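Here's a quick briefing to read alongside the picture. Keep the structure open while you go through the points.

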Amino acid sequence: MSRVFSLSGPEMLFLAHCLAVVAAVRLGLTLLSYNKVRRVVTRLDASAPAGIGDLRRVAWGVAAAARLVPGASCLTQALSGQYLLARQGNASKIRIGIERDTGTELKAHAWLVSGDHIVLGGSLGRFTHLVDHGQ
């Protein structure tokens, strides 16, 4: 909590915006389907490549906000990040995969990818890529 008070005014506002987006996406995924939430996110015109500074800022804001929203899964975070980038006109996609060699248990994971950069979700290493969604 002490870190929050050390943030600048613009950083606090951005974090509050991220918190609102993550909470809204989480609620949307609870009440609606993934496809309906994804349609809202991808409705924005986003075709420009994002700069590394924008990617880092969104990754920081979403990850910090997700710690405060119960049940903010990797999919919630990826959709939230995609929305925030799209609001800036920056293109991204959500990559969904499953973990290899888990026996009978299926473990899925979602990443936010922009260009050649993984923005949210960590390494793709032990996962098999299934599908990409986004711009």
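A residue counts as buried when its relative accessible area is under 20%. With that cut-off, strand S2 turns out to be mostly covered, since six of its seven residues are buried. Bear in mind that this is a predicted model.

**The chain as a whole**

- You'll find five helices and four strands in the chain.
- Starting at the N terminus, the elements go α-α-α-α-α-β-β-β-β.
- A compact globule of 135 residues would have a radius of gyration near 14 Å, and the chain has 15 Å, so the two agree.
- Along the principal axes, the C-alpha atoms fit in a box of roughly 50 × 35 × 30 Å.
- Out of the 135 residues, 40% count as buried.
- The accessible surface adds up to about 7700 Å², and carbon and sulfur atoms own 57% of that.
- Take the contacts with a separation of 6 or more: 69% of them join residues 24 or more positions apart.

**The sheet**

- In general, strands of a sheet pair through backbone hydrogen bonds, either parallel or antiparallel.
- Here the four strands make an open sheet in the order S3-S2-S1-S4, and the pairing is antiparallel.
- S3 (117-120) and S4 (127-134) sit at the edges with a single partner strand each, so one side of each has no neighbour in the sheet.
- From one strand to the next, the twist averages 40°.

**Who pairs with whom**

- S1 (residues 93-99) and S4 are joined in the antiparallel sense by seven bridges, with isoleucine 98 opposite threonine 128 of S4.
- S1 also pairs with S2, again antiparallel, over six bridges; there, arginine 95 faces tryptophan 111 of S2.
- S2 and S3 share three bridges, antiparallel too, and leucine 112 has leucine 120 in S3 as its bridge partner.
- S2 and S3 also form a hairpin with two residues between them, and glycine 115 in that turn has a positive phi of about 60°.

**The helix across the sheet, and the core**

- Which helix lies across S1, S2, S3 and S4? That's H5 (residues 74-87), which runs at about 15° to S2 (108-114).
- In soluble globular proteins, nonpolar side chains tend to be buried together.
- The largest nonpolar core in this model has 28 residues, and Leu79, Ile94 and Leu112 touch the most other members.
- Helices H2 (9-31), H3 (34-42), H4 (52-66) and H5 each supply at least two residues of this core, and so do strands S1, S2 and S3.
- Isoleucine 94 has plenty to look up: beyond residues up to four places away in sequence, the ones it touches include Tyr34, Leu79, Leu112 and Val131.

**A closer look at leucine 75**

- Leucine 75 belongs to helix H5.
- Is leucine 75 buried or partly exposed? Its relative accessibility is 22%, so leucine 75 counts as partly exposed, given that buried means under 20%.
- Setting aside neighbours within four places in sequence, leucine 75 is in contact with Leu29, Tyr34 and Ala110.
- Leucine 75 and arginine 126 are 51 residues apart in sequence, and their C-alpha atoms are 17 Å apart in space.

Technical notes
Residues numbered from 1 in each chain as written. Predicted model: local features only at pLDDT ≥ 70, side-chain atom pairs only at ≥ 80, totals over all residues. Heavy atoms only, no water. Pairing = 2+ DSSP bridges. Axes fitted to C-alpha atoms, helices over the stretch in contact; angles between N-to-C directions. Contact = heavy atoms within 4.5 Å. Core = buried A, V, L, I, M, F, W, Y, C linked by side-chain atoms within 4.5 Å. Buried < 20%, exposed > 50% of the residue type's maximum accessible area, 1.4 Å probe, protein only. Rg over C-alpha atoms; globule rule 2.2 N^0.38 Å. Areas by Shrake-Rupley, 256 points an atom, 1.4 Å probe, with all protein chains shown as cover.
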